[in-house]
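User: Please take a close look at a single part of this model, namely strand pairing and whatever packs around it. A connected account in formal terms would be appreciated.

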Amino acid sequence: MSMILFACVVRVRDGLPLSASTDFYHTQDFLECRRRLKTLALRLAQYPGRGFAQGGVFNIHFSSSGDVACMAICSRQYPAAMAFCFLETLWWEFTTSYDTTCIGLASRPYAFLEFDSIIQKVKWHFNYVTSTQVESSLEKIQEELEFQPPTVLTLEDTDVANGVMNGHTQMPLEPAPNFRMEPVTALGVLSLILNIMCAALNLIRGIHLAEHSLQVAHEEIGNILAFLIPFVACIFQCYLYLFYSPARTTKVVLMLLFICLGNMYLHGLRNLWQILFHVGVAFLSSHQILTRQLQEKQSDCGV
């Protein structure tokens, strides 16, 4: 019977599976096709847009846009245009359900497993719908395929592309680095709030001084920069605390230096207590950034 047997949603940049339909097929050919689909998912960034891998009994169809790709295992007789129409529908359903931030921050396989119910619903619809019922969408896909034909692979290509040849053992892959940070602490939240407060004060004073200076003289440009540069540094300190960044120590020292020098320059416009407050918040934030480490990578369990 001509039908869609399996579908999944993956992240393009690293092939991380985000959601998948439940398996009801356990034949040797199908399981082998599933294995090669996982291999192909790791290489999707090399095949932008649409494509399919041909096999003996099953075909793998894939369609990607942005950092989200949808993949499906279909019987060989299933029309390619219908398969791509299914994948496009699935892509729209997923991207309207989850924003790009959630997708980008996903760190474990099948983080959106609840989307399985939507996959099953759309899959059932396309398995039992007639081409006339999706005629308008199907015509659009067919025109796009004629204008830009999909990439055509064979299932063997998915292994060859991944360095696996007949008679050779696949080399073990190094685990991808895990950039998940330790949980935010109460003191860390306090440092974020104080940093945002300092940034807001610097921005307000800087804008106010800029408006005044444009009407009076251009001699206050140094004071304006002394407000705005620490503003940027405070915002960047918040970013460094929340997200991992390479060379974090160097960036922390630079931001601290900018804030300290800016406040020293503003000695005539701020009293000693105000300067000590801004510098103290900068030191607190720097300490919190440097003490918040990466979590140790935990082994992920497949579904």
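Analyst: Accessible areas here follow the Shrake-Rupley method with a 1.4 Å probe. On that basis, the accessible surface of the protein is about 17,200 Å², and 63% of this area belongs to carbon and sulfur atoms. The model is predicted. Of its 303 residues, 43% count as buried, and its secondary structure comprises 10 helices and six strands. Among contacts with a separation of 6 or more, 71% join residues 24 or more positions apart.

The six strands form an open sheet of mixed pairing, in the order β2-β1-β5-β4-β3-β6. Its edges are β2 (17-20) and β6 (151-154), each of which pairs on one side only. On average, neighbouring strands are turned by 20° against each other, direction ignored. At the β2 edge, β1 (residues 4-11) pairs with β2 in the antiparallel sense over three bridges, and V10 stands opposite P17 of β2.

Helix α1 (residues 28-41) lies across β1, β4 (58-65), β5 (68-75) and β6, and runs at about 25° to β4. Helix α2 (residues 80-97) also packs on the sheet, touching β1, β2, β3 (50-54), β4 and β5, with its direction at about 145° to that of β5. The geometry of α1 can be tested: at 1.5 Å a residue, its 14 residues should span 20 Å, and the end C-alpha atoms are indeed 20 Å apart, so the two values agree. The buried residues of α1 include F30, C33, R34, L37 and A41. An α-helix has 3.6 residues a turn, so residues three or four places apart point the same way. R36 of α1 is buried as well; its C-alpha atom is separated by 9.6 Å from that of A53, 17 residues away along the chain. A53 is found in strand β3 and has a relative accessible area of 0%, so A53 counts as buried.

Helix α4 (residues 116-128) contributes further packing: its buried residues lie against β1, β2 and α2. Among them are I119, V122, K123 and F126. For the 13 residues of α4, the expected span at 1.5 Å a residue is 18 Å, which agrees with the 18 Å between its end C-alpha atoms.

Charged side chains supply additional links. Side chains of opposite charge can pair when their charged atoms come close. The structure holds eight salt bridges. One of them joins R13 and D67 at 2.9 Å, N to O. R13 lies in the loop between β1 and β2 and D67 in the loop between β4 and β5, so this pair ties together parts that are 54 residues apart in sequence.

A second salt bridge connects R50 with E88, with the closest N and O atoms 3.2 Å apart. R50 belongs to β3 and E88 to α2, so the sheet strand and the helix are tied across 38 residues of sequence. R50 is buried, at a relative accessible area of 17%, whereas E88 is partly exposed at 24%. E88 also meets the side chain of K140 in a salt bridge (3.4 Å, N to O). That pair links distant parts of the chain, since K140 lies in helix α5 (residues 135-147), 52 residues from E88 in α2. K140 is partly exposed, with 38% relative accessibility. Through shared partners, salt bridges join R50, E88, K140 and E144 into one network.

How values were computed
Residues numbered from 1 in each chain as written. Predicted model: local features only at pLDDT ≥ 70, side-chain atom pairs only at ≥ 80, totals over all residues. Heavy atoms only, no water. Pairing = 2+ DSSP bridges. Helix = DSSP H or I, 4+ residues; strand = E, 2+ residues; numbered from the N terminus. Axes fitted to C-alpha atoms, helices over the stretch in contact; angles between N-to-C directions. Contact = heavy atoms within 4.5 Å. Expected span 1.5 Å × (residues − 1). Buried < 20%, exposed > 50% of the residue type's maximum accessible area, 1.4 Å probe, protein only. Salt bridge = Lys/Arg side-chain N within 4 Å of Asp/Glu carboxyl O.
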